[in-house]
Amino acid sequence: MCGIVGYIGQREASPILLEGLKRLEYRGYDSAGVAVLADETLKLKKYKGRVTDLARTASSSDLTGSLGISHTRWATHGAVTEENAHPHVSHDGKISLVHNGVIENYLSVKKFLESNGVEFYSETDSEVFCNLIAYHYEKEDKNSPNRFLNSVRRSLRHLDGTYGIAAICTDCPDELFGARKGSPLIVGIGTDEYLLASDVSAIISRTSNVVYLNDGEIVSLKNGELNLLTNDEEVLTPEVQKIDWDIAESELGDYEHFMLKEIFEQSGALENAMRGRFSDDQSTAKFGGLNVSAQELRQVDRILLCACGTAWHACLVGEYLIERYARIPVEVEYASEFRYRNAPLDKNTLVLVISQSGETIDTLAALRESKRKGYKTLAINNSVGSTIARESDGGIYQHAGPEIGVASTKAFTSQLHILSMLALYLGRLRDMSFQEGVEYVEALKQAPELVTETVKLNDEILAISEKYKDMQDCLFLGRQDMFPIALEGALKLKEISYIHAEGYPAAEMKHGPIALINESCPAIVLATQPDIHAKLLSNIQEVKARGAPVIAIATKSNPLPKHLVDDQILIPDSHRAVLPVLASIPMQLLSYHIANLRGCDVDKPRNLAKSVTVE
Ligand code: M6R
């Protein structure tokens, strides 16, 4: 939600800020803005629209200066207008601020400031934040060298809610401030320059050395120095970390969209998820960063999986995998529900959260709640250094590379693969035989090749997409471990094509959703499990009898009878633990092509943002 970039250094700030914003646009894209400071003069440009439009309209001669802040917005408080866009500027023109997060007590602070003569031009909590800094700045000792810092600090003490901010002041043309509580912020250390950003992708083209801010920390970047402080005036030693991303990974290359690129990157993502993580002589998986011993894991008698959105669907598949192969009872919770439900958990419960970004606020809150109650809390996460990675007791990095498309694809299948590996590891600590482990490991290792084979169905799926692109409704049906894949298929289709789609366990359909079925509501049926084929065929007959077209996803060795399906996509045969990955791919491609054929903005669907950092 919202992307922030700040710059201080020797170079022109605005091109660097705009380039950073473009890379952060997946965090929010309804409006954007830049403020640059030179010779104590603030130059500001905002635009209701995309960063590319802002860049087109912002002539660099209007925005000269080597200190600046910028923002791409996902609206929370106030409509999408130029006034509500960031950067905000205080009523006296001195302070300018960009903000990611939500200030919960902004109305009472606004009232207080209004009673002190401040007039507001926007509906945002962020403008209130900016003016509170200006209010304290005015009250501070005018000769204090820490006048700006103290006014930032005092403001932070009065505000409830979450923030990642970058702020500048016209009286301090050589100082950039950042602060975080609940919303991510990093400092990039370049050559003669510092950058502030919501995440690594904004700065990776300039530096791979970063400092991650923790909640409650403030950073001052001034005269070539980085000073890290707490809000309680403690001085901290910054820990510089090296990012091992390849810049090419965040470029489109020859692809039309990041989503398509990321679908095609899935084979490599699985390879990366497995690298160095098998112990062949023991026919099991191994994980370096779990921080839980094998003995402790043998004591675990329940696992709680917690996440949001697509990652929650991965948890549902994880439930099947872990229960089937490790025989440990698993529960799956929406992270946003877990936090407030106060579920009684046994002391031998292991909590595992899953998050691609590692910044999803609901998942982070669930992790914190679980840790507060004393449960061992691990994370599967794709973003090294993210808040969830840092706050969990241990976990497994996905190493899937940056995922830029808002619709999650390669991160999802990489999560599924890691859950399969985890189920194997836990299974081998318990009852799974050596031979079963050997076959399992072999199947996991073969998965990247099968993924490569599956993405070759692209042209065939494009042709099917042409046929169904104008549908208004669509049902996704699957049983057992294919039920979560049906849910994920429905989410993918609705989030990028805006077609109403629902996922159901195939047999549940007759308990209600069957009322929706008619000739213009196709059913996409996942039919990959031979042991329940017969039952699924009955469910398909029920759909067909009501005139709905059926698109089946089945395996090559077990196709469905032709008279029962209108279209059929055949994926490679594989181990049961790998099939959810393979079955996901045709659905990703169907959603992608249908959305693209309907003229939708596939990588930046309406109303969505990649990383949801507000509750
Ligand atoms: O970064 P996270 O994995 O925590 O994100 C969770 C969801 O917001 C995310 O999966 C969302 O549902 C995607 N838009 C799905 O494509």
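Colleague: In this predicted model, which side chain has an N or O atom 2.9 Å from an oxygen atom of the ligand?

Modeller: The pair in question joins a ligand oxygen to a side-chain N or O atom, and the separation is 2.9 Å. A polar contact requires such a pair to lie within 3.5 Å, so the pair qualifies. The side chain belongs to Lys492.

Colleague: How much of the accessible area that the ligand has on its own does the protein cover?

Modeller: Taken on its own, the ligand has 410 Å² of accessible area. The part of this area covered by the protein is 90%.

Colleague: Which elements give two or more residues to the shell around the ligand, and which of them gives the most?

Modeller: Two or more shell residues come from helix 16 (482-497) and from helix 9 (309-326). The largest contribution is 3 residues, and it is made by helix 9.

Colleague: What is the distance from a ligand oxygen to the side chain of Ser357, and what is it to the backbone of Ser408?

Modeller: For Ser408, the partner of the ligand oxygen is a polar backbone atom, at 2.8 Å. For Ser357, the partner is an N or O atom of the side chain. The distance to Ser357 is 2.6 Å.

Colleague: How do the residues of the shell around the ligand divide into nonpolar, polar and charged?

Modeller: The ligand is surrounded by 13 residues, and Ser355, Gln356, Ser357, Thr360 and Glu495 are the closest. By class, the shell holds 2 charged, 4 nonpolar and 7 polar residues.

Colleague: Which pocket corresponds to the space taken by the ligand?

Modeller: The ligand takes up the space of a pocket. That pocket is the largest.

Colleague: How far apart are the C-alpha centres of domain 1 and domain 3?

Modeller: The domain assignment places domain 1 at 3-243, domain 2 at 251-455 and domain 3 at 456-600. Between the C-alpha centres of domain 1 and domain 3 the distance is 46 Å.

Colleague: Where in the chain does Asp39 lie, and which residue is joined to Pro87 by a cis peptide bond?

Modeller: Most residues other than glycine have a negative phi, and most peptide bonds are trans. Asp39, in the loop between strand 2 (31-38) and strand 3 (41-47), has a positive phi of about 50°. Pro87 lies in the loop between strand 4 (67-73) and strand 5 (88-89). The cis bond, with omega about 0°, joins Pro87 to His86.

Note on methods
Residues numbered from 1 in each chain as written. Predicted model: local features only at pLDDT ≥ 70, side-chain atom pairs only at ≥ 80, totals over all residues. Heavy atoms only, no water. Near = heavy atom within 4 Å. Polar contact = N/O pair within 3.5 Å; in protein donor to acceptor, adjacent residues only side chain to side chain. Areas by Shrake-Rupley, 256 points an atom, 1.4 Å probe, with all protein chains shown as cover. 1 Å grid on protein atoms, 1.4 Å probe; cavity = no way out; pocket = protein on both sides within 12 Å on 5 of 7 lines; lining within 4 Å. Sits in = over half its atoms within 2 Å of the grid points. Helix = DSSP H or I, 4+ residues; strand = E, 2+ residues; numbered from the N terminus. Nonpolar A, V, L, I, M, F, W, Y, C, P; charged D, E, K, R; others polar. Domains from an automatic or database assignment.
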